[in-house]
Amino acid sequence: MTSEQTPSSRERPEPAERLYAFTVERVMTAAPEGIYRAWTERFDTWFASPGAIRMRPHVGEPYWFEVLHNGDHVPHYGRFIDLEPGRFIEQTWVTGANGTDGAETVVRVELVGTGSGTRLRLTHGGFYDAVAAQRHADSWPRILEHLDERLTDSDEQTGVPAIG
């Protein structure tokens, strides 16, 4: 697993004050298709609070979900920018204070099959400052580890987490 934080130069122009981004990579046990389904169709089995989600995997479709973090209900909002089943997911990602601080950031998840699993590359950019970017850079490796554990405990054919 690697993580690096650098200013981002995204295809979509961003104001200079929102160029903070980072990339995290992890080799996952599940196949790309299972990870894609877990991310787009079963998000509340491993990330969002169960039942506290409205998400349909269609480009342009807005979504909402909530997580319980340190006893607080934390809403997340966004929309899907680009989707290619089994290959990548790109979505906007917005939270409030101590999250993205209201910035409409972009999460891009790239999936490459390895024969025995998947190389996952997550890039998250568009933060207002380095502090918010670092909070997320510190969190995503643990979140991806949790996803990998959930998928490892699932039906290997579907990649759908068994719990939840």
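This briefing covers the fold, the strand pairing, the main pocket and a few notable loop residues of one protein. The model is predicted. The protein has 2 helices and 8 strands. Along the sequence they follow the pattern β-β-α-β-β-β-β-β-β-α. Buried residues make up 45% of the 164 residues.

**Overall picture**

- The order of elements opens with two strands, then a helix, then six strands, and ends with a helix.
- Among contacts with a separation of 6 or more, 48% join residues 24 or more positions apart.
- The protein exposes about 8,400 Å². Carbon and sulfur atoms supply 49% of that area.

**Strands β3, β4 and β5**

- Strand β3 covers residues 53-54, and strand β4 covers residues 62-69.
- β3 and β4 pair in the antiparallel sense over 2 bridges.
- Within this pairing, I53 stands opposite F65 in β4.
- Strand β5 spans residues 72-84. It runs antiparallel to β4, and 8 bridges join the two.
- P62 has R79 in β5 as its bridge partner.
- β4 and β5 form a hairpin with 2 residues between the strands.

**Strands β2, β7 and β8**

- Strand β2 (residues 20-28) pairs with β8 in the antiparallel sense, over 9 bridges.
- In this pairing, E25 stands opposite R121 in β8.
- β7 also pairs with β8, again antiparallel, over 8 bridges.
- Here G113 stands opposite T118 in β8.
- β8 runs from 118 to 127, and β7 from 105 to 113.
- β8 is mostly covered, with 7 of its 10 residues buried.
- β7 and β8 form a hairpin with 4 residues between them.

**The largest pocket**

- The largest pocket has a volume of about 670 Å³.
- Its lining holds 23 residues. V67, H69, V74, H76 and S139 lie nearest the centre.
- β4, β5 and α2 (130-152) are the elements that give two or more residues to this lining.
- α2 gives the most, with 6 residues.
- By class, the lining has 10 nonpolar, 10 polar and 3 charged residues.

**Turn residues N70 and G115**

- N70 lies in the loop between β4 and β5.
- Phi of N70 is near 55 degrees, a positive value in a residue other than glycine.
- N70 counts as exposed because its relative accessibility is 68%, and the cut-off for exposed is over 50%.
- G115 sits in the loop between β7 and β8.
- G115 has a positive phi of about 95 degrees in the turn of that hairpin.
- G115 also counts as exposed, at 84% relative accessibility.
- G115 and T29 are 86 residues apart along the chain. Their C-alpha atoms are separated by 9.9 Å.

**The loop between β6 and β7: N98 and G99**

- β6 spans 88-93, and G99 is found in the loop between β6 and β7. N98 lies in the loop between β6 and β7 as well.
- Phi of N98 is near 65 degrees, a positive value in a residue other than glycine.
- N98 is exposed, with a relative accessible area of 63%.
- G99 is buried: its relative accessible area is 9%, and buried means under 20%.
- Leaving aside neighbours within four places in sequence, G99 is in contact with A132, R135 and H136.
- G99 and R135 are 36 residues apart along the chain. Their C-alpha atoms are separated by 7.5 Å.

**Points to keep in view**

- β8 pairs with β2 over 9 bridges and with β7 over 8 bridges.
- β4 pairs with β3 over 2 bridges, and 8 bridges join β4 to β5.
- β4 and β5 also help line the largest pocket, along with α2.
- In the loop between β6 and β7, N98 is exposed, whereas G99 is buried.

How values were computed. Residues numbered from 1 in each chain as written. Predicted model: local features only at pLDDT ≥ 70, side-chain atom pairs only at ≥ 80, totals over all residues. Heavy atoms only, no water. Buried < 20%, exposed > 50% of the residue type's maximum accessible area, 1.4 Å probe, protein only. Contact = heavy atoms within 4.5 Å. Areas by Shrake-Rupley, 256 points an atom, 1.4 Å probe, with all protein chains shown as cover. Pairing = 2+ DSSP bridges. 1 Å grid on protein atoms, 1.4 Å probe; cavity = no way out; pocket = protein on both sides within 12 Å on 5 of 7 lines; lining within 4 Å. Points joined across faces, edges and corners; volume = space filled by probe spheres on them. Nonpolar A, V, L, I, M, F, W, Y, C, P; charged D, E, K, R; others polar.
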